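Work through the exercises below with the model open. Each task is followed by a solution in steps.

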Amino acid sequence: MDKPGPEDKKTKILLDPSFHHERKLHFVSNTPVFQLRSEAELCFIGKNASVDDHVLLGYPTGRKIRDRQLVIGGNAEIRSGSVIYEGTTIGSHLTTGHNVVIREENVIGDHFTIWSNSVVDYGCEIGHGVKIHSNCYIAQFTTIEDHVFLAPGVTIANDLHPGCEHSQKCMRGPTIKKGAQIGVNVTLLPFITIGERALVGSGAVVTKDIPPCSVVTGNPAKVICTIDELQCSTGLTDYPYRKGA
Ligand SMILES: CC(C)(COP(=O)(O)OP(=O)(O)OC[C@H]1O[C@@H](n2cnc3c(N)ncnc32)[C@H](O)[C@@H]1OP(=O)(O)O)[C@@H](O)C(=O)NCCC(=O)NCCS
């Protein structure tokens, strides 16, 4: 394909000599590789990035934010249809599926994987090694610690009384502690904390704090056992969460 010319505003970031050495973009086709929607110098992407067509990086927010810089670490793989807003920082080895939206003012660690049609709303903190499957919604001001897994269809709320005139001030998503596993189609309500390595069963609606290493199911979710008590029915192991079992 033709190399982008210096006059090409959309690819100015590639040509900025001070960042050029940081960057080796992988071109996936002859059509425009990706579009930078805000000022080019506000978007930085590390080396070995693979960015599909129809990706928007540095998309401008309608909100007033302090820092408009978008920073994405090296070895990112960003698939078509994804939109990452300005004012967000993401570590290395980001992987997105298709049609992922990551809004502004998010701070996200290394090895973040987020599959198709999932949305991270603004102001979230997400640790290292977090995996978010398809069709998930992460509400504003949610905290997700390292190595958490969210199965398809997880929905997170941050506004307990929507429509209340004080909503904007009290809005806060849940905190999901290290290594917790959230099953398919789970709903997490605002303010709650999911303890470390807890397992939330499929379809649960979590309305209260969940203790570490517990297994919860139902609506409203209740503790049914600890993860160490769960038994494997496939014969591959006796206890799926006991070390060396
Ligand atoms: C909660 C869970 C861990 C329980 O594991 P399990 O090995 O099936 O445990 P058990 O068979 O001992 O089930 C215990 C009881 O909880 C019930 N139960 C299991 N999962 C349930 C769920 N999601 N909601 C409501 N009840 C559930 C079982 O019917 C059983 O009830 P019983 O004692 O009256 O027969 C599991 O069912 C689950 O939901 N895993 C998450 C699956 C998932 O979303 N994976 C995401 C990857 S795509």
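Two residues are in contact if their C-beta atoms, placed from the backbone, lie within 7 Å. The model is predicted.

**Exercise 1. Overall make-up**

Task: State how many helices and strands the protein has, what share of its residues counts as buried, and what share of contacts joins residues at least 24 apart.

Solution.
- Step 1. The protein contains 3 helices and 27 strands.
- Step 2. It has 245 residues, of which 35% count as buried.
- Step 3. Take the contacts between residues at least 6 apart in sequence; 27% of these join residues at least 24 apart.

**Exercise 2. Tyrosine 59**

Task: Locate tyrosine 59 and decide whether this residue is buried or exposed.

Solution.
- Step 1. Tyrosine 59 belongs to strand 4, which covers residues 56-59.
- Step 2. A residue is buried if 20 or more other C-beta atoms lie within 10 Å of its own.
- Step 3. Tyrosine 59 counts as buried because it has 21 C-beta neighbours inside 10 Å.
- Step 4. For a distance check, take leucine 70, 11 residues apart from tyrosine 59 along the chain: their C-alpha atoms are separated by 9.1 Å.

**Exercise 3. Positive phi outside glycine**

Task: For asparagine 135 and phenylalanine 191, give phi, then the loop and the exposure of each residue.

Solution.
- Step 1. Asparagine 135 is not a glycine, yet its phi is positive, at about 60°.
- Step 2. Its loop runs between strand 15 (131-132) and strand 16 (137-138).
- Step 3. Asparagine 135 is partly exposed because 17 other C-beta atoms lie within 10 Å.
- Step 4. Phenylalanine 191, also not a glycine, has a positive phi of about 70°.
- Step 5. The loop holding phenylalanine 191 lies between strand 22 (187-188) and strand 23 (193-194).
- Step 6. With 17 other C-beta atoms within 10 Å, phenylalanine 191 is partly exposed.

**Exercise 4. A cis peptide bond**

Task: Describe the peptide bond from asparagine 219 to proline 220 and place proline 220 in the chain.

Solution.
- Step 1. Omega for this bond is near -5°, and the bond is cis.
- Step 2. Proline 220 sits in the loop between strand 26 (214-217) and strand 27 (222-226).

**Exercise 5. The ligand shell**

Task: List the residues around the ligand and divide them into nonpolar, polar and charged.

Solution.
- Step 1. The residues around the ligand are Ala151, Gly183, Val184, Leu199, Gly201, Ser202, Gly203, Val215, Thr217, Gly218, Ile224 and Leu230.
- Step 2. The shell divides into 6 nonpolar and 6 polar residues, with no charged residue.

Note on methods
Residues numbered from 1 in each chain as written. Predicted model: local features only at pLDDT ≥ 70, side-chain atom pairs only at ≥ 80, totals over all residues. Near = placed C-beta within 6 Å. Nonpolar A, V, L, I, M, F, W, Y, C, P; charged D, E, K, R; others polar. Helix = DSSP H or I, 4+ residues; strand = E, 2+ residues; numbered from the N terminus. Buried ≥ 20, exposed ≤ 12 C-beta atoms within 10 Å, placed from the backbone.
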